[in-house]
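Q: Please take a close look at one helix in this model and at what surrounds it. Start from the chain as a whole.

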Amino acid sequence: MAGPARGRLIWLKIHKWIGLSFGFLFVFEAVTGCILVFQHEISDAFDAPYAAVGAPVGVGVDRAVALARAANGGGDLALVGLPASNADHAYRVLIAGQDHATRELFVHPSSGSVDRDHQRPVGAVLKFIWTLHKRLAVPLVGDLLIAVSGLVLVLSTVSGLVLWWPKPGKWRKALAIKKNATLPRLTFDLHRVLGAMLAVMCLLWGISGTYMIRPSWIVGLLPSDMRPRNEQTLRTALPAKAEPIITHERLSPTDIARLASQVPGTTGTYLFPPEDPAACAWQVRLSRPDDRIRYVGSATVTVNACTGTITGINDERGDVSSRIFYWLRPLHSGEAFGIAGKIVVLILGLAFLAIGIAGLYLWWIRRGARKLSARSRSRPRRL
């Protein structure tokens, strides 16, 4: 077999076996991803009775945590989402119980009323879909499989491009769908043309999906001088060795949020307590008006609750490399360009779903044709 023909056969087998091994997972990820593109808008529309939008913030962070703990019957604090971090402008408090299960509670910033996650039916369903999309609702193993599937999607896209790439002067034919064709031929053209048109987005989804779950896998592929350098790059931040605001006792969550809020031009979105309750290092997520990731932010401040100082700053938009990686997440979901970007990503997601279904259909009918041909060859010939 000639060299080019043999190489094409190898790429064809790679593309086929990737589709057979990961095709159903790709389709599943496309379905859940299309739903999650508008997760905030869906939650806003259906969980409106629980929203606290526009309500004055009269309940402080300490009070919100105390109310959530009381409603949960105790437990360790795992996370506090400040009103600015949530679509409905309520406190989001995660409490870890003695059974190691984490429970999510929402505290109204004005009245102090507490809602459990399951009391917000649409939000709870969307959260479950998100866990399916990110980790198949299986901790550790699911994360690993989704991260691997992102890299496999990159390889599948490259192999598809190699198989599709036209010879000089054949570009128009390579992007054409044959009219009045049979269903298998029409499906093949659809799979081929849509795959070529979505190649760049598929590469982005694969790389960004893996990066969001296992960032070291992607960053580790870069030379050391091209890797993100996020530390201490928030130019408007306070000095790392700020004067203590409290010296005789540990800072409360309210004090920690207040200290972090002194970073100019930022709004606190999340408080992350240390895993060891006796440790001092808290992390506070900060958002800026021009951030592209809704309700999350792009900078993190480390606060020492024992000395009352800011001890570290991590800015995802620090150097050029950091900014490139920062854009991966909002581009992945379309959030980078607002509603218009989300609509485009939804359309591309549906097209990707069609590619996956078409590929599985083509394999199925070719499998049937091969079986029929094998039976025909095995029949004894009549004399």
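What percentage of the 383 residues in the chain is buried? And in H3, which residues are buried?

A: This is a predicted model, in which local features need pLDDT of at least 70 and side-chain atom pairs count only at pLDDT 80 or more, while totals for chains, interfaces and linings use all residues. Residues are numbered from 1 along each chain as its sequence is written, and side-chain values use heavy atoms, with hydrogens and water left out.

Of the 383 residues in the chain, 42% are buried (under 20% relative accessible area; exposed is over 50% and partly exposed in between, with a 1.4 Å probe and protein chains only). The chain has 13 helices and eight strands, taken as DSSP runs numbered from the N terminus (helices H or I, at least four residues; strands E, at least two). Among contacts (heavy atoms within 4.5 Å) with a separation of 6 or more, 61% join residues 24 or more positions apart.

Helix H3 covers residues 61-72, 12 in number, and spans 16 Å from first C-alpha to last, close to the 16 Å expected at 1.5 Å a residue (the expected span being 1.5 Å times one less than the number of residues). The buried residues of H3 are Val-61, Ala-64, Val-65, Leu-67, Ala-68 and Asn-72. They lie on the same side of H3 because they cover an arc of only 160° around the axis, the arc being that of the directions from the helix axis to the C-beta atoms. On the face turned away from this buried side, H3 carries the exposed residues Arg-63 and Ala-70. The cover over the buried residues of H3 includes five strands and a helix: S1 (76-81), S2 (91-96), S3 (102-107), S4 (114-116), S5 (267-272) and helix H10 (253-260). Just after H3, Gly-73 has a positive phi of about 80°.

A buried site outside H3 is Ser-298, in the loop between strand S6 (281-287) and strand S7 (299-304). Ser-298 counts as buried because its relative accessibility is 0%. Apart from neighbours within four places in sequence, Ser-298 contacts Arg-285, Leu-286, Arg-288, Asp-291, Asn-314, Asp-315, Glu-316, Arg-317 and Tyr-326.
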